[in-house]
Amino acid sequence: MLKTFYIKTYGCAMNVADSNTVRNLLTQYSLQEVDDWKNADLIVLVTCSVRQQAEDKVAGWGIKAGEEVFKDKTVVVTGCMAQRYDRSTNMTVDEYEKILKRRFSWITHLVNIKKIEQLPKILKIDNNDLIENKNINYDRNNKYQGLFSTSNGCDNFCSYCIVPYARGKLVNFPKENILHDIKDFVSNGGKLVTLLGQNVNSWEENGESFVDLLKEIEQIKGEFWINFISSHPKDFSDELIELITTHDKFIKHCNIAVQSGSNKILELMNRQYTKDRFLNICKKIKEFNPDFRITTDVIIGFPTETEGDFSETLDLIKNCDIEMAYVGKFSPRKGSAAYKMIDNIDLDTKKERERRLKNLVNKIRETKHKGLVNRNIPVLLTGRQKGITYYNHEILLEKEYEAGTIQNIKIKKYSRSGLAG
Ligand code: SF4
């Protein structure tokens, strides 16, 4: 009989949210979460397959642990890896499960994350153990920060990305469910609402847009902040810019994924915007609020990226005052359109461009952090001596405060990586 479970999460914030769904489901059936997988009867691996490395990590984890230790355990693989084989190959999940089990005898089940609500039935967990039947999808163990999925999948088909194949077509979750979970979170003392979606700002329902959804969330009573990831420049409307820069409940930070500053590369990536569009978004944001913090994602070494293309990326980062970039070196993913392109940028060049880009954003960030010293900034306390600023920096504090409160804190020290107050 399964009594305890352990969840291992790979990949992005969407997977963290999926892990929350699994966690809530299992605790509703009286299973207890443990911190060490060795003490768990059930291990759930919430996988990612956006990069090959992530798939290798799953295989590597099991091999490193040694097959013997899994002898009496139930090991479930779910997440992108399970879905990808469902959609982008001719294999059904059942067929892939057989192959996977032959390769890794310690894996007992492969479950499509979209059908995760069937997990108790698949694992033959007794229905009598159901203690709660509440449709809540955020992590109730994290009192102050809540992740709320607004959709699953993506229809954009960026040429380098396998998410549309791994997670399938975009399905927006009903507004009613999203609002229900957020109200529950806020009424229990929740302070930071983070909306999640592969392309979060494309959410819509019966003619209502993402901005309409945000306005309704903003109306929920209580002292809390709102942010969202990941944003696509093509869906970043003027209305959205005005709302998040001028209304108090929205933290003054947004990650807007540019990927490249070269129009040629953006077209090859099928990103559906130009560098000028991205530049204009950043300009408008800064016009409304010069302190607003913008971060981005960049792919280095996309096929045919020349030194000139890369210089355009550096210029765009500089002109938009981007203070942090999640940089990924291009690696062809089987099933994506770019897999058929020739990966003609050698690894040394990719590494060298990555280094130059990181140096640039680090310099911009350090200057920005320095400019915050001696300023008073609202901070949400996530612990007694740590928190998140109104601009979404992590901050450490000298004095102790009550966790879960929002305090005005004077910034005393800075480094390239963080702030102290
Ligand atoms: S917007 Fe593009 S990069 Fe993002 S998930 Fe969709 S296809 Fe992938």
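Student: Before we start, what does buried mean here?
Tutor: Buried means under 20% relative accessible area, exposed over 50%, and partly exposed in between, with a 1.4 Å probe and protein chains only. The model is predicted, so local features need pLDDT of at least 70 and side-chain atom pairs pLDDT 80 or more, while totals for chains, interfaces and linings use all residues. Residues are numbered from 1 along each chain as its sequence is written, and side-chain values use heavy atoms, without hydrogens and water.

Student: Trp 225 and Tyr 390, buried or exposed?
Tutor: Trp 225 is buried, and Tyr 390 is too.

Student: What kind of aromatic pair do Trp 225 and Tyr 390 form?
Tutor: A tilted one: 5.2 Å centre to centre, with 50° between the planes. Rings of Phe, Tyr and Trp (its six-membered ring) pair if their centres lie within 6.5 Å; planes under 30 degrees apart are stacked, over 60 edge-to-face, the rest tilted.

Student: Why does the pair tie together parts that are 165 residues apart in sequence?
Tutor: Because Trp 225 lies in strand E12 (residues 225-229), while Tyr 390 is in the loop between strand E17 (386-389) and strand E18 (394-396). Helices (H or I, at least four residues) and strands (E, at least two) are DSSP runs numbered from the N terminus.

Student: Which residues do ring pairs link into a cluster with Trp 225?
Tutor: Tyr 390 and Tyr 391.

Student: New topic. How is the chain divided into domains?
Tutor: Domain 1 is 4-129, domain 2 is 145-371 and domain 3 is 376-420. The bounds come from an automatic or database domain assignment.

Student: How far apart do the C-alpha centres of domain 2 and domain 3 lie?
Tutor: 24 Å. Their contact (heavy atoms within 4.5 Å) takes 20 residues from domain 2 and 18 from domain 3.

Student: And how much area do domain 2 and domain 3 bury between them?
Tutor: About 1800 Å², 63% of it on carbon and sulfur atoms. Buried area is the accessible area (1.4 Å probe) that two parts lose on being put together, summed over both.

Student: Which residues in domain 2 lose the most area to domain 3?
Tutor: Lys 191, Trp 225 and His 369, together 38% of what that side buries.

Student: How many salt bridges cross the interface of domain 2 and domain 3?
Tutor: Zero. The rule wants a side-chain nitrogen of Lys or Arg within 4 Å of a carboxyl oxygen of Asp or Glu.

Student: Which element gives the most to the side of domain 2 that touches domain 3?
Tutor: H13, with five residues.
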